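Please work through the exercises below with the sequence and the coordinates open beside you, trying each task before reading its solution.

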Amino acid sequence: MPGISVVAGRSIPADDDIETAHRPSLYDDRYTFDSYEVGHCSVARALYPEYPFRRVTFGDCTVFVEGVVYNRDEETLRTELERRFVDGEASPVDPTWLRDLDGEFVFYAHDAAAGTVTIVPDLLGQLPLFYAVHTDYALVGRNKPILARLGNCATFDRVAVAEYLRLGYALADRTLYADLRRLPQGHHIQIDTDTGAQAIEQHYEFDFDDERNANATVTENAREFAQRFTDACRRRADSAPGANVVLLSGGLDSRAILGGFERCGVSYSAATRDFEHDSRADIALARELTDAVGSNWDRLPTPGPDGGDLLAHLDMSGGADPFGIAHMQPFLRQIRADHDGPVWTYTGDGGDKLVPDISPVVDIETIDELVSYIMQSEETFSAEDVEAMTGVTEAEVRADVRETVRNYPETSLSKQFVHYELFQRAFSWLFEATDTNRNHCWTTSPFYAPDVVNYAMSIPDAQKRRYQLYAAVLKQLSPELAAVPNANFGAPPASVTHEARVALYNVLQRHPALFTVVKPTIKSLLGLNGETDQATSPFVDCLRDQVTRNPRSILDREGLEQTVLDDPESYTREELCHVLTLASLINYHRDVPILTEYRSKEFV
């Protein structure tokens, strides 16, 4: 992530050390480093020119605004920041105010007279923010490897490592680094710049029990949702300093953005990645979607990432975004190269969580059943493989999942699962994946506009089942787009065939053993498979080198040899990417990471 780090306290590192920690995160020749220092506080930045970041000064108080607030012009936002951070006329963590701010942002307010720094992210925490524990000074920032270098925090959390392998991500506020934590959504940080003490406080909690729009019909709810979504698309496009590019697949979420842009009449184009492992159906249907509305579309052949791309990808995400998606590096470079000026990209992130019914497909009657359902539905590696590779038992991972969901405010176990999907899978993984894109160009999703989220979560799950609501929303946005098949089910979303296939899919999900057997056949029939799902030799060779030459590691050498290295052909490319990402991160903070020897190798 573009490096923005706050360091505060009497014993903070020297300026040269702060700059040295940021240098590996100057990813290309666009990036520059600078810092702001007053007293015992430093705000360091490693940014490219188009990355949205500005400084607003009010006497002794300086507010750094990272990101974009789409529904405030500069003067209005300045006035509101002064009123809340300087004059104290209202609280800067007032949930009503934060709910009204549509954007991805973090406010860093340094009050030199008071000797404090107050850090307030957007309510969803869309720009992931991390802080160090067990340091002699406050250390908060957006890039985990930078913080690890600054705070000497390069040890790893054994339970987080196990969760990463078992579920795909670490839970709650954990990161893979033992001494780095992620600030949860609805929280802020208060720093005493004299002592370096930092306080983490909660100011808001999401609760999804209330389906207050249950009395409206599907059509009425779809109409209101589509209007809010269109407005969110317009606000983002109007704020963009250059070209708007939709990262388009053949599914439903990115096509909704096409519909929103068409409905509000903004200028945009679409681009679709053509990587060896991508679905052919996605690419063919992306063309069909843009043909349906007459928009510009580019199919961008995308090579496999090389070792240099993997190193950059690792530093950008601190391992949270696995190498399985590292081909986004050459893809986004190509998008930047194809445009003369600034580019904003748009993803459909959030659409798959907010508009369909994501509640459990089976009845959940106890919290233990909920934990079991999560373990089954989120599984990346088996419990046996995870214990072999990490020494962490399934009971330890289950206990952490149980503790996580037990603290949710919803009374319904079904709604607790929805909460989990939104704020574990999305918060702990997908937000960080989107954030990786921002190292190339600003990336946003209109699905996460607060009024869109609030309305979506007020619609009853019953109306979302079998994509009924989604089909109705797409009809409101663009009947032409609603008539194009969904790559995930091979039928138009506004069709009886689509509803029937979704219903069959849900039935199969209730029988996991059968589902595992028939899923590849279903995907093949729908054209969802790439040419191969097997990783090429550099993945295995590099992993073997790291295991052999890295004898002291939180990953168990014998366990890795008995699982993925003994029989790599029995593991998918995604699984091997996951292990290689983890092993590479553990090795990354050595003087010369082994991955540097693979800089020129293509990882396909």
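The exercises that follow concern a predicted model, and each task is followed by a worked solution.

**Exercise 1. The nonpolar cores**

Task: Find which residues have the most contacts inside the largest nonpolar core, and which helix gives the most to this core.

Solution: Begin with the largest nonpolar core, which has 109 residues, and look there for the residues with the most contacts inside it, which are Leu81, Phe107, Ile119, Ile191, Phe225, Leu258 and Phe261. Turning to the helices, the one that gives the most to this core is α6, spanning residues 218-239, with 7 residues. Another core, of 74 residues, lies apart from the largest one and includes Ile18, Ala132, Met375 and Val401. Now return to Ile119, which, when residues up to four places away in sequence are not counted, touches Val6, Val106, Phe107, Tyr108, Leu129, Val140, His188, Ile189 and Ile191.

**Exercise 2. Helices α7 and α18**

Task: Decide how α7 and α18 are oriented relative to each other, and list the residues that make their contact.

Solution: The axes of α7 (residues 253-264) and α18 (residues 468-477) come within 9 Å and cross at roughly 30°. Angles under 35 degrees count as roughly parallel, and α7 and α18 are therefore roughly parallel to each other. The crossing of these two helices is left-handed. On the α7 side the contact is made by Asp253, Arg255, Ala256, Gly259, Gly260 and Arg263, while α18 supplies Tyr470, Leu474, Gln476 and Leu477. Sorted by character, the residues of this contact comprise 4 nonpolar, 3 polar and 3 charged.

**Exercise 3. Helices α12 and α14**

Task: Establish whether the crossing of α12 and α14 is left-handed or right-handed, and how the residues of their contact divide by character.

Solution: For α12 (residues 367-377) and α14 (residues 394-406), the axes come within 10 Å and cross at roughly 115°, and the crossing is right-handed. The residues in contact are Ile367, Asp368, Leu370, Val371, Ser372, Ile374 and Met375 from α12, together with Glu394, Val397, Arg398, Val401, Arg402, Val405 and Arg406 from α14. These divide into 8 nonpolar, 1 polar and 5 charged residues.

**Exercise 4. The surroundings of Ile335**

Task: Determine whether Ile335 is buried or exposed, and which residues it contacts beyond its sequence neighbours.

Solution: Locate Ile335 in α10, which covers residues 328-337. Because its relative accessibility is 2%, and buried means under 20%, Ile335 counts as buried. Leaving aside neighbours within four places in sequence, Ile335 is in contact with Leu247, Ala271, Leu300, Val343 and Thr345. Finally, Ile335 and Thr345 are 10 residues apart in sequence, and their C-alpha atoms are 9.1 Å apart in space.

Technical notes: Residues are numbered from 1 along each chain as its sequence is written. This is a predicted model: local features need pLDDT of at least 70, side-chain atom pairs count only at pLDDT 80 or more; totals for chains, interfaces and linings use all residues. Side-chain values use heavy atoms; hydrogens and water are left out. A nonpolar core is a set of buried Ala, Val, Leu, Ile, Met, Phe, Trp, Tyr and Cys residues joined through side-chain atoms within 4.5 Å. Buried means under 20% relative accessible area, exposed over 50%, partly exposed in between (1.4 Å probe, protein chains only). Helices (H or I, at least four residues) and strands (E, at least two) are DSSP runs, numbered from the N terminus. Contact means heavy atoms within 4.5 Å. Axes are lines fitted to C-alpha atoms, for helices over the stretch in contact, and angles run from 0 to 180 degrees between N-to-C directions. A crossing is left-handed if the near helix is turned anticlockwise from the far one by less than a right angle, and right-handed if clockwise. Ala, Val, Leu, Ile, Met, Phe, Trp, Tyr, Cys and Pro count as nonpolar, Asp, Glu, Lys and Arg as charged, and the others, Gly among them, as polar. Angles under 35 degrees count as roughly parallel, over 145 as roughly antiparallel, 65 to 115 as roughly perpendicular and the rest as oblique.
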